[in-house]
Amino acid sequence: MFLVWCILLLNNQAKNSYEAILHDISGQASKEIQCDQNFCLFATPTRFYFMDRPPFRRANKLGLPVRQIYVSSSLWKKNLAAAGPQKFTQEFIDKQVEEFEVGKRHLANMMEEDPETFTQEDIDRSIAYLFPSGLFEKRARPFMKHPEEIFPKQTAIQWDAKGRPFHFLFYTGKQSYYSLLHDVYEKILAIERHQDKMRNKGLFTSDTKQILLTGSRWLLKEEIEENLVENISDQDYMRLIQLMEKLLSMPYCSLEKEFILKFRKQLEVQSSKYEIPALQYDPQGVAFSVADGRRKTAKASITLRDSGSGNITINGRNYLHYFPVLQNRVQLMFPLLFVGMMGRFDIEGSVEGSGHSAQAGALRLAISRALLSFVSEGEVEKMRQAGLLTADPRIRERKKP
Amino acid sequence: MAAGVLSGVRQVLRGPRLVSAVFSCHGQTLSSASAAVKSAPDTGENVRWDLMKPYLFGSRLDIDIIDLEQTAEHLQRALNFTAHVAYRSGIILFVSRRRQFSQLIETTARECGEYAHTRYWKGGLLTNAPIQYSPGVRLPDLIVFFSTLNNVFQQHVGIRDAAKMNIPTVGIVDSNCNPSLIAYPVPGNDDTPVAMEMYCRLFKMTINRAKDKRRGLTF
């Protein structure tokens, strides 16, 4: 059953609508026959018609002839668009969770690993190994994830058996959002009361511990909608952010630190995404680093040695011989020029594939990456902004008629 | 003055806190010091609703004075009705569009186990309920308006919608409100925090007592 899980990655929705269409087509045919059968049996019990209209005249209560209007199958088709997004019951989701857990254990057994300590990364690795896919779109590749991540969070029935809604703000229409506003305002009032108490005791100070907000941003409207499982408008979102800012403006806001941080998302520092190649040492004690780079179909590998004199050797030949064109040599030298370490390194490189320009570009990327281990954090950010660390994604466009 | 008016009314209404319910400041004149003194030619509107005249003594220094004996009778009828609805497990919805009391009313609703709507009223909440919520939703059996006006000093849409859907309403009507469509109007001040807290306390007490009686507990 877990194989179904793995393979049935894609469009659950597409699959279901396909099934629904199949059902409809078969349903239609049977309805037509049924209709005719009932109609015929009622009118003329002796004869049996199959897919034919009976040749007699019906009459209504007044005795006047009535022309039967045949209902077309388009009326019987389920209006799939009007049904809204597919709803999953809680039992369905629970069953999927159970199947996922069982499938996870089977997968661990197949990969000969411990089922108890099989994490999501292990699952991803195993699926990539068992079902290698060359598809470019990462989301189209096979995956096996926990049902909570696949099925969108939905609202269950909001009231009990007697019809009384569970939430006290149900009749507003946006219960989670307004309840959130209510809670935030409640916290603001609580902090004000705390402030008054401190003032009464004479312990009021404005220089209390402040919450660190650098490196994080407020959650976006879409993220909040996802959390609340409700749609909110732009004005609603702005109102919420205003209330949070008001909460933050109070001196004792650190009392509600965890609550506020739930609405902040940490921003990743862009430059820390780059993995800096490890600095290795020669038997002579000279530092060197190795890095790779690619451009179009060219692949390059560079060894950057410290305490050199600016010699550049590519594929065993001097760079002056290998790159007669000035532009390519400039490409090679640009990273070193940028960080100001021109005569410091000895570069030994190997490159293959594509043409001279692409090879030069690949070498440049490799040199920049190798330089990361010799350079400070601030310089890394500067190199990133200069575009030295970005791989050029341009490839050759296919021929069209 | 308050004590004199209240002699002969229920125990719970007696007390200095009711004094603020006597004076009614009109909605748009609340926020500034010149609030009490407004002149009709400036605003160009008639700020007192004529239908409210029977409930008022008159006006003094441009503030309308409400007759509290009548208020007390109306309030008793309204609370009695509320108690009966709560006893029969009806859904009670508190509505108000006064932003200063929104938090108080929502808290009151939560504490009595009933419902509140002190936010922007979307068009078809009552009249188009199966679409706005889900099919099979149950509408409130009683709507209590703590202020019958909305933020632009027009009658709250909920009053007309409740009348359309045959839902009885209880409403605190100030002297600039229209009491016609409300089933159990209670003439009183809807502006001051003291008055609002009193009303909230009364309704909460009534509903809790009715529910306790339902559950068989004595109060």
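Leaving aside its neighbours within four places in sequence, which residues is Ser216(A) in contact with? In this predicted model, the partners are Arg264(A), Lys265(A), Gln266(A) and Leu267(A). Ser216(A) itself belongs to strand β3 of chain A, which covers residues 216-218. With a relative accessible area of 9%, Ser216(A) falls under the 20% cut-off and therefore counts as buried.

The same strand turns up again around helix α7 of chain A, residues 221-228. Here the buried residues are Lys221(A), Glu223(A), Ile224(A), Glu225(A) and Leu228(A). Their cover includes β3 along with α6 (175-201), α8 (234-249) and β4 (264-266) of chain A. Right after α7(A) comes Val229(A), which has a positive phi, near 55 degrees.

Chain A also shows a nonpolar patch on its surface, made up of Met110(A), Tyr129(A) and Leu130(A). Together these three have about 330 Å² of accessible area. Met110(A) sits in helix α3 of chain A, residues 90-110. Its relative accessible area is 48%, so Met110(A) is classed as partly exposed.

Turning to chain B, there are 8 helices and 8 strands to deal with. The chain has 219 residues, and 51% of them count as buried. Its accessible surface is about 10500 Å², with carbon and sulfur atoms supplying 53% of that. Among contacts in chain B with a separation of 6 or more, 64% are between residues 24 or more positions apart.

One piece of chain B is a hairpin of β2(B) and β3(B), with 2 residues between the strands. Strand β2 (residues 56-60) runs antiparallel to β3(B), and 4 bridges join them. Within this pairing, Ser59(B) is set opposite Asp64(B). Leu61(B), in the hairpin, takes a positive phi near 50 degrees. In a regular strand, side chains alternate between the two faces of the sheet. Strand β3 of chain B, residues 63-66, has Ile63(B) and Ile65(B) pointing one way, while Asp64(B) and Ile66(B) point the other way. All four of these residues are buried, Asp64(B) included.

The other sheet to look at in chain B is an open one of 5 strands, in the order β5-β4-β6-β7-β8, with parallel pairing. At its edges stand β5 (115-117) and β8 (184-187) of chain B; each has a single partner strand, so one side of each is left without a neighbour in the sheet. On average, neighbouring strands of this sheet are turned by 20 degrees against each other, direction ignored. Inside the order, β6 (residues 142-145) and β7 (residues 169-173) of chain B run parallel and are joined by 3 bridges. Ile143(B) is opposite Thr169(B) in β7(B).

Two helices of chain B lie across strands of this sheet. Helix α4, residues 68-87, lies across β4 (92-95), β6, β7 and β8 of chain B. Its direction makes an angle of about 140 degrees with β8(B). Helix α8, residues 193-215, lies across β4, β6 and β7 of chain B. For α8(B), the angle to β4(B) is about 175 degrees. Strands β4, β6 and β7 of chain B thus appear in the lists for both α4(B) and α8(B).

Definitions and conventions: Residues are numbered from 1 along each chain as its sequence is written. Chains are lettered from A and ligands numbered from 1 in the order in which they are written. This is a predicted model: local features need pLDDT of at least 70, side-chain atom pairs count only at pLDDT 80 or more; totals for chains, interfaces and linings use all residues. Side-chain values use heavy atoms; hydrogens and water are left out. Buried means under 20% relative accessible area, exposed over 50%, partly exposed in between (1.4 Å probe, protein chains only). Contact means heavy atoms within 4.5 Å. Accessible areas come from the Shrake-Rupley method with a 1.4 Å probe; for residues, only the protein chains shown count as cover. Patches are made of residues with over 30% relative accessible area and no salt bridge: like charges are joined within 9 Å, nonpolar side chains (Val, Leu, Ile, Met, Phe, Trp, Tyr) within 5 Å. A salt bridge is a side-chain nitrogen of Lys or Arg within 4 Å of a carboxyl oxygen of Asp or Glu. Two strands pair if DSSP finds at least two bridges between them. Axes are lines fitted to C-alpha atoms, for helices over the stretch in contact, and angles run from 0 to 180 degrees between N-to-C directions.
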